[in-house]
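Trainee: I should like to request a close look at a single part of this protein. Please choose one residue, place it in its surroundings and then relate it to the rest of the fold.

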Amino acid sequence: MFAGSLFALFACTAGGDTGDSAEASVPFACDLGVPTGDGWAPLGATLELELGFQGFVLAQLQVRAAADAPSPVTATMAIEAEGAEAVSGTQPQVHFVVDGTSATSEPILAFFTGSYVSYYVGRPARVALRLEGGGGTCAVEGQSTLVDDDPCMHTGDEPICPDDTGDTAP
């Protein structure tokens with residue numbers, strides 16, 4: 001099932017008009033990762049699930065590429081957790097921030113259909129991401145186990161975390 005969704009994800013163009021449909025799409029190299037407090041890290045053995053605004057379950061993805069990567073791009077993603085229904089989505093207008101010879105995308109948010117984190121925790125998942133726009137395309141995929149090591153709710157700039165008593169505090 002996931003192989004079919006991956007094929008569809010990478011064989012088709014990203015949803016929506018990126019404004020460059022007449023241009024040839026040139027592949028560019030990119031690496032799949034996640035945002036960190038210090039910037040970017042490659043996708044590792046685990047992928048953190050977050051409880052976000054209004055109880056949404058999400059994971060944040062990020063891509064690193066050469067400084068000349070096209071920007072903005074449309075991100076199309078698919079995540080299939082073992083034993084769960086595959087999730088997919090599109091995020092338009094993802095910009096790259098250039099830092100020297102490389103560029104890092106803004107966070108790309110993958111929203112899950114289930115309304116509780118524990119349903120997904122511990123499940124191995126395949127992650128596929130395609131960026132397209134400005135005449136360029138990159139496609140990457142990886143494998144990670146879904147985890148919930150962060151007890152905070154991420155609803156804005158500052159997470160709401162439980163204090164020592166278990167109550168949540170801003």
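**Phe 96 and its surroundings**

Mentor: The protein has an accessible surface of about 9000 Å², and carbon and sulfur atoms account for 54% of it. The model is a predicted one. Its secondary structure consists of one helix and 16 strands, and 39% of its 170 residues are buried. Among contacts with a separation of 6 or more, 66% join residues 24 or more positions apart.

The part chosen here is Phe 96, which belongs to strand β9. Its relative accessibility is 10%, under the 20% limit, so Phe 96 counts as buried. With neighbours within four places in sequence set aside, Phe 96 is in contact with Phe 28, Val 63, Ala 65, Ala 69, Pro 70, Ser 71, Val 73, Ala 103, Thr 104, Ser 105 and Leu 131. Between Phe 96 and Glu 106, 10 residues apart in sequence, the C-alpha separation is 6.1 Å.

One of these contacts is aromatic. A ring pair is characterised by the distance between the centres and the angle between the planes. For Phe 28 and Phe 96 the centres are 6.5 Å apart and the planes stand at 75°, an edge-to-face arrangement. Phe 28 lies in the loop between β1 (26-27) and β2, whereas Phe 96 lies in strand β9 (residues 96-99), so the pair ties together parts 68 residues apart in sequence. Phe 28 also counts as buried, at 16% relative accessibility.

Another partner of Phe 96 is Ser 105, which is located in strand β10 (residues 102-105). Ser 105 has a relative accessible area of 2% and is buried. Beyond residues up to four places away in sequence, Ser 105 touches Gln 62, Val 63, Val 94, His 95 and Phe 96. Val 63 therefore appears among the contacts of both Phe 96 and Ser 105, a contact being heavy atoms within 4.5 Å. The C-alpha atom of Ser 105 is 8.8 Å from that of Ser 71, 34 residues away along the chain.

The wider setting of Phe 96 is the largest nonpolar core. In soluble globular proteins, nonpolar side chains tend to be buried together. This core has 35 residues, and those touching the most other members are Phe 96, Ile 108, Phe 112, Leu 129 and Leu 131. At least two core residues come from each of β2, β6 (57-66), β7 (73-81), β8 (87-94), β11 (108-111), β12 (124-133) and β13.

Phe 112, another of those core residues, has its own set of contacts. Residues up to four places away in sequence aside, Phe 112 touches Leu 49, Val 57, Leu 58, Ala 59, Ile 79, Val 87, Tyr 120 and Leu 146. Ring pairs also join Phe 112, Tyr 119 and Tyr 120 into a cluster. Over the ring of Tyr 119 sits the charged end of Arg 123, 4.5 Å from the ring centre. The aromatic pairs in the structure number four.

A covalent link completes the account. The structure contains one disulfide, formed by Cys 30 and Cys 138 with their sulfur atoms 2.2 Å apart. Cys 30 is in strand β2 (residues 30-36) and Cys 138 in strand β13 (residues 136-147), so that the link spans distant parts of the chain, 108 residues apart. The torsion about the S-S bond is about 95°, so this disulfide is right-handed. Both Cys 30 and Cys 138 are buried.

How values were computed: Residues are numbered from 1 along each chain as its sequence is written. This is a predicted model: local features need pLDDT of at least 70, side-chain atom pairs count only at pLDDT 80 or more; totals for chains, interfaces and linings use all residues. Side-chain values use heavy atoms; hydrogens and water are left out. A disulfide is a pair of cysteine sulfur atoms within 2.5 Å. Helices (H or I, at least four residues) and strands (E, at least two) are DSSP runs, numbered from the N terminus. Buried means under 20% relative accessible area, exposed over 50%, partly exposed in between (1.4 Å probe, protein chains only). A nonpolar core is a set of buried Ala, Val, Leu, Ile, Met, Phe, Trp, Tyr and Cys residues joined through side-chain atoms within 4.5 Å. Rings of Phe, Tyr and Trp (its six-membered ring) pair if their centres lie within 6.5 Å; planes under 30 degrees apart count as stacked, over 60 as edge-to-face and the rest as tilted. A charge sits over a ring if NZ of Lys or CZ of Arg is within 6 Å of the ring centre and within 35 degrees of the ring normal. Accessible areas come from the Shrake-Rupley method with a 1.4 Å probe; for residues, only the protein chains shown count as cover.
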